[in-house]
Amino acid sequence: MCSLTSASRGTRDVLSGSIPTIQQIGCSVGLALISIVFFNQVAAQSQSAVDDAGGTLSRSLETTAVAPALRPAVVGEFTRCAQLQLSSPHPEQTPPGCAGGASSVAATPGDIRSTVAVQAAPELEDAARQAAARSFLGALTIVLWSIAGAAVVLAGVSLLLKKPVTAGAEATG
């Protein structure tokens, strides 16, 4: 009897340790899947977010020292770089061929590109924040609605499952 009890207790201890392990594996896989969906949605949402931010940038450049003839080029370069950055596997990194930011740009005498970048820096930063915020918020909204939908479906399926019949219920029925 003691050997059977200790053997069953050992099996129970092994099984009790496997449940949290399986739960952690499930959480890790679930988080990985949600992350994949989220960042794919960031890339999918980026085009409309960048287009909207480009329109806002175009209007805000009218109040800057940027020459009117150069404003479309500034907006075009912004939309190209913002689209590349938000649809890349690493949206936190500046893509090759794009300026790093206002802090990395200094006006060099005679260099029109750096002069325009400095003149438009505050508007470019605002447009970049707007594009990133809209893209990430749109992706988050889709992911949260997807999770809510999956929860509703799983709740509905669980309600449809038959409950096990207990021995006491069979005797009375």
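Angles between helix axes of under 35 degrees count as roughly parallel, over 145 as roughly antiparallel, 65 to 115 as roughly perpendicular, and the rest as oblique. With that in hand, here are the close-up views of this predicted model.

**View 1. Helix 2 and helix 3 cross at an oblique angle.** In this view, helix 2 covers residues 71–86 and helix 3 covers residues 112–160. Their axes come within 10 Å and cross at roughly 40°. That angle falls outside the parallel, antiparallel and perpendicular ranges, so the two helices are oblique to each other. The crossing of helix 2 past helix 3 is right-handed.

**View 2. Side by side, the residues of helix 2 and helix 3 that make the contact.** From helix 2, look for Val74, Glu77, Phe78 and Leu86. Helix 3 contributes Arg113, Val116, Ala120, Leu124, Ala127, Ala128, Ala131, Ala132, Ser135 and Phe136. What kinds of residue make up this contact? There are 11 nonpolar residues, one polar and two charged.

**View 3. A disulfide ties helix 2 to the loop that follows.** The structure holds one disulfide, and here you can see it joining Cys81 to Cys98, with an S to S distance of 2.1 Å. Cys81 sits in helix 2, while Cys98 belongs to the loop between helix 2 and helix 3. The two cysteines are 17 residues apart, and their pairing links distant parts of the chain. If you follow the S-S bond, the angle about it is -95°, and the link is left-handed. Are these two cysteines buried or exposed? Both Cys81 and Cys98 are buried.

**View 4. Cys27 is an exposed cysteine.** Have a look at Cys27, which has a relative accessibility of 55%. Exposed means over 50% relative accessible area, so Cys27 counts as exposed.

**View 5. Val66 is a buried residue in a loop.** This valine is found in the loop between helix 1 (2–60) and helix 2. Its relative accessibility is 1%, and since buried means under 20%, Val66 counts as buried. Which residues does Val66 touch, leaving aside its neighbours within four places in sequence? Val66 is in contact with Leu61, Arg71, Val74, Val116, Gln119 and Ala120. Among them, Val74, Val116 and Ala120 also take part in the contact of helix 2 with helix 3.

**View 6. Val66 is shown with Thr115 and Val118.** Val66 and Thr115 are 49 residues apart along the chain, and 8.7 Å separates their C-alpha atoms. For Val118 and Val66, 52 residues apart along the chain, the C-alpha separation is 9.3 Å. Val118 is found in helix 3. With a relative accessible area of 36%, Val118 is partly exposed, because that value lies between the 20% and 50% cut-offs.

**View 7. Stepping back, the protein chain is built from four helices and zero strands.** From the N terminus on, the elements run α-α-α-α. How much of the protein chain counts as buried? Of its 173 residues, 20% do. Among contacts between residues at least 6 apart in sequence, 65% join residues at least 24 apart.

Definitions and conventions: Residues are numbered from 1 along each chain as its sequence is written. This is a predicted model: local features need pLDDT of at least 70, side-chain atom pairs count only at pLDDT 80 or more; totals for chains, interfaces and linings use all residues. Side-chain values use heavy atoms; hydrogens and water are left out. Axes are lines fitted to C-alpha atoms, for helices over the stretch in contact, and angles run from 0 to 180 degrees between N-to-C directions. A crossing is left-handed if the near helix is turned anticlockwise from the far one by less than a right angle, and right-handed if clockwise. Contact means heavy atoms within 4.5 Å. Ala, Val, Leu, Ile, Met, Phe, Trp, Tyr, Cys and Pro count as nonpolar, Asp, Glu, Lys and Arg as charged, and the others, Gly among them, as polar. A disulfide is a pair of cysteine sulfur atoms within 2.5 Å. Buried means under 20% relative accessible area, exposed over 50%, partly exposed in between (1.4 Å probe, protein chains only).
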